[in-house]
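This report considers how one protein chain is arranged around its metal ions and its nonpolar interior. Please have the sequence and the structure at hand while reading.

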Amino acid sequence: MTNWKEVDDNIKHWIKEAGTKIRQSFETELTIQTKSNRNDLVTNIDKETEQYFIGKIRREYPNHQILGEEGYGDQLQSLDGTTWIIDPIDGTMNFIHQQRNFAISIGIYHDGVGILGYIYDIVHDELYHAKKGEGAFMNEIKLSPLPSVTIQDAIIALNATWVTENNRIDPKILAPLVKDVRGTRSYGSAALEMAYVASGRLDAYITMRLAPWDIAAGKVIIEELGGTVTNLKGEPLNLLEKSPIFASKPGLHELILKKYLHKLV
Ligand code: IPD
Ligand code: CA
Ligand code: CA
């Protein structure tokens with residue numbers, strides 16, 4: 001039986017230690033490489049941070065599986081047993097260009113069920129975390145269950161890409177939503193955007209294609225507060241695959257699905 005309290009203590013300690021190293025890296029020169037395209041960036045710090053977590057996890061929990069963005073973990077076939085899903089730096093482009101608006105994101109699942117979620121905004125020293133059934137917090141502050149909100153009063157996170165010509169969604173589907181809501185924002189870190197939905201700074205987040213490590217932690221935290229995280233058709237996510245993501249306050253989720261996203265085929 002896993003001692004989740006001990007896992008929680010360990011992971012918080014490791015996240016703070018990794019955060020300190022990442023902050024120190026601001027003084028050093030980064031090695032920057034591209035991955036799938038010229039805007040898909042990775043640095044030596046992304047890689048070192050993932051290796052740091054994997055080293056710790058392998059030593060303490062040799063029977064757990066690890067899925068890490070930079071590929072130092074396992075090739076997962078299933079979510080049976082305990083699985084750590086890690087994005088060492090979510091928002092690498094921001095990390096390189098802005099030195100802010102990026103986060104460490106770690107979700108821990110047991111037999112496919114989200115148990116623990118951590119999103120650490122290193123620059124602001126804000127750790128969003130949740131344990132299933134035991135509440136969600138920002139540092140030591142308990143977060144309140146998410147209230148409902150109308151479309152007219154909502155601020156949603158949405159990248160402008162999705163309301164211009166693109167390969168993933170007809171821009172005509174989301175343009176009316178952009179017109180109807182109070183405002184839109186885009187922060188360039190899926191993990192932070194989900195942390196902001198959890199903490200009420202945003203009411204919803206919609207995007208077209210995220211990987212499991214982008215959303216594993218945020219899903220645990222948002223769901224713990226009564227929010228909903230699905231694909232754009234309102235269907236449950238498969239955490240072994242990439243997927244469009246729609247994270248939202250309760251009530252607003254149904255309203256947006258019914259009024260705008262039902263046009264998706
Ligand atoms: C990216 C960020 C970004 C999202 C991209 C992700 P990365 O993660 O979360 O906000 O729009 O799809 O790939 O590459 O910086 O870890
Ligand atoms: Ca990411
Ligand atoms: Ca990343």
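## The calcium site

In this predicted model, D214 has a relative accessibility of 11%. Because buried means under 20%, D214 counts as buried. D90, at 5% relative accessibility, counts as buried for the same reason.

Both residues serve the calcium ion (ligand 2), which is coordinated by D87 (OD), D90 (OD) and D214 (OD) at 2.1 to 2.2 Å. Along the chain, the donors of this ion follow the spacing D-x2-D-x123-D. Distant parts of the chain are thereby linked: D90 belongs to strand β4 (residues 82-90) and D214 to helix α6, 124 residues apart. D87 also acts as a bridge between the calcium ion (ligand 2) and the calcium ion (ligand 3), which lie 3.7 Å apart.

## The largest nonpolar core

In soluble globular proteins, nonpolar side chains tend to be buried together. Here the largest nonpolar core has 39 residues, of which I119, Y205, I221 and I222 touch the most other members. Among the elements that each supply at least two residues are β5 (103-110), β12 (204-210) and α6 (212-224). Helix α5 gives the largest share, 8 residues. The core draws at least three residues from each of domain 1 (4-142) and domain 2 (151-264).

Which residues does Y205 touch, not counting those up to four places away in sequence? They are A157, A190, E193, M194, V197, L210, I245, F246 and A247.

## A separate core

Apart from the largest core lies another, of 28 residues. Its members include W4, W14, F53 and L116.

Conventions: Residues are numbered from 1 along each chain as its sequence is written. Chains are lettered from A and ligands numbered from 1 in the order in which they are written. This is a predicted model: local features need pLDDT of at least 70, side-chain atom pairs count only at pLDDT 80 or more; totals for chains, interfaces and linings use all residues. Side-chain values use heavy atoms; hydrogens and water are left out. A nonpolar core is a set of buried Ala, Val, Leu, Ile, Met, Phe, Trp, Tyr and Cys residues joined through side-chain atoms within 4.5 Å. Buried means under 20% relative accessible area, exposed over 50%, partly exposed in between (1.4 Å probe, protein chains only). Helices (H or I, at least four residues) and strands (E, at least two) are DSSP runs, numbered from the N terminus. Domain bounds come from an automatic or database domain assignment. Contact means heavy atoms within 4.5 Å. Donors are N, O and S atoms within 2.8 Å of the metal (3.2 Å for Na, K and Ca); water is not among the atoms, so sites may look incomplete.
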